[in-house]
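Subject: Structure handover

Hello,

Here is the structure you are taking over. Please open it beside this email and go through the notes in order.

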Amino acid sequence: MTTLSSRGSIMLEFTLTAIPLIFVLISVLWLCMGMWEFHTVTEAVNATARSAAVHGAGCAGQTCATTVDTTARLLAAKALGIPPGMLNVTLTSTGSTVTCNPLSNCYGNSSSWPSLAANLAGSTDITVSATFQFTSAISLWSPRNGDKSFNAITLGANSRQAVVY
């Protein structure tokens, strides 16, 4: 039996507990989304670098030679869920450095990459680097003078592989 002075206390306790709990659950969801995107980009960069490493010195003038376009499209295909317009990529070999800001700018680039100049199997490294902006709604919950803005966090991945073929 409840007394008149304790009526509504359960609803008040639930409200005071549930609102912060909902914010924590949404924050964890956004943290998971950010980690998934970071892992996706990291795996895509590693797969692209491994693919480029086996299309180096021995592919000069052969059907296995790759271009910047081929490499950019491979990276975009491996980075599921990340729009190519959000990825900034740098492709580096001993002969050249290609910057794709954003990645979609390298579509149609028929330049050979990794550059075949000075790429010797076993003695040359290639590097694929990518960064992207992760925008989370978590920052919306910290109002600044009534301003509601989503602050972006720059996440990146880097992979260096030795040219093996």
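Start with one charged side chain. Arg73 lies over the face of Tyr107, and the distance to the ring centre is 4.2 Å. Please keep in mind that this is a predicted model.

**Overall layout**

The protein has two helices and four strands. Along the sequence they come in the order α-α-β-β-β-β. Of its 165 residues, 30% are buried. Take the contacts in the protein whose partners have a separation of 6 or more: 68% of them are between residues 24 or more positions apart.

**Helix H2 and what it packs against**

Which residues of H2 are buried? In this helix, which covers residues 68–78, they are Val68, Asp69, Thr71, Ala72, Leu75 and Ala76. These residues lie on the same side of H2, because they cover an arc of only 165° around its axis. Their packing partners are helix H1 (9–53), strand S1 (87–92) and strand S2 (97–100).

**How the two helices meet**

Two packed helices are described by the angle between their axes and by the distance between those axes. For H1 and H2 the angle is about 145° and the axes are 8 Å apart. Their crossing is right-handed. On the H1 side, the residues that meet H2 are Thr40, Ala44, Val45, Ala47, Thr48 and Ser51. On the H2 side, they are Thr71, Leu74, Leu75 and Lys78.

Thr48 is a useful residue to click on here. Thr48 is part of helix H1. Its relative accessible area is 1%, so Thr48 is buried, the cut-off being under 20%. Leaving out residues up to four places away in sequence, Thr48 touches Thr71, Leu74, Leu75 and Val128.

Next, look at Ala79, in the loop between H2 and S1. Is Ala79 buried or exposed? Ala79 counts as buried, at 2% relative accessibility. Residues up to four places away in sequence aside, Ala79 touches Thr40, Ala44 and Leu87. Ala79 and Ala47 are 32 residues apart along the chain, and their C-alpha atoms are separated by 9.9 Å.

**The aromatic pair**

How many aromatic pairs are there? The count comes to one. The pair is formed by Trp30 and Phe134 and is tilted, with 6.3 Å from centre to centre and 55° between the planes. Trp30 is in helix H1 and Phe134 is in strand S3 (residues 125–135), so the pair ties together parts that are 104 residues apart in sequence. As for accessibility, Trp30 counts as partly exposed, at 25%. Phe134 has a relative accessible area of 8% and is buried.

**Two residues in contact: Glu37 and Phe132**

Glu37 lies in helix H1. Its relative accessibility is 14%, so Glu37 counts as buried, since buried means under 20%. Apart from its neighbours within four places in sequence, Glu37 is in contact with Ile82, Phe132 and Phe134. Phe134 is also a member of the aromatic pair described above.

Phe132 is in strand S3. At 2% relative accessibility, Phe132 counts as buried. What does Phe132 touch, not counting residues up to four places away in sequence? In helix H1 or elsewhere, you can find each partner by number: Glu37, Phe38, Val41, Met86, Leu87, Ile153, Thr154 and Leu155. Phe132 and Ala157 are 25 residues apart in sequence, and from C-alpha to C-alpha they are 9.2 Å apart in space.

**Cis peptide bonds**

Most peptide bonds are trans. Two places to check here are cis. The peptide bond from Asn101 to Pro102 is cis, with omega near -5°. Trp113 and Pro114 are also joined by a cis peptide bond, and there omega is about 5°. Where in the chain is Pro102 found? Pro102 is in the loop between S2 and S3. Pro114 is found in the loop between S2 and S3 too.

**Where to look first**

If you have time for a short look, begin with the contact between H1 and H2, where Thr48 and Leu75 are among the residues that meet. Then go to Trp30 and Phe134, the tilted pair. Finish with the cis bonds that lead into Pro102 and Pro114.

Regards

Note on methods. Residues are numbered from 1 along each chain as its sequence is written. This is a predicted model: local features need pLDDT of at least 70, side-chain atom pairs count only at pLDDT 80 or more; totals for chains, interfaces and linings use all residues. Side-chain values use heavy atoms; hydrogens and water are left out. Buried means under 20% relative accessible area, exposed over 50%, partly exposed in between (1.4 Å probe, protein chains only). The arc is that of the directions from the helix axis to the C-beta atoms. Contact means heavy atoms within 4.5 Å. Rings of Phe, Tyr and Trp (its six-membered ring) pair if their centres lie within 6.5 Å; planes under 30 degrees apart count as stacked, over 60 as edge-to-face and the rest as tilted. A charge sits over a ring if NZ of Lys or CZ of Arg is within 6 Å of the ring centre and within 35 degrees of the ring normal. Axes are lines fitted to C-alpha atoms, for helices over the stretch in contact, and angles run from 0 to 180 degrees between N-to-C directions. A crossing is left-handed if the near helix is turned anticlockwise from the far one by less than a right angle, and right-handed if clockwise.
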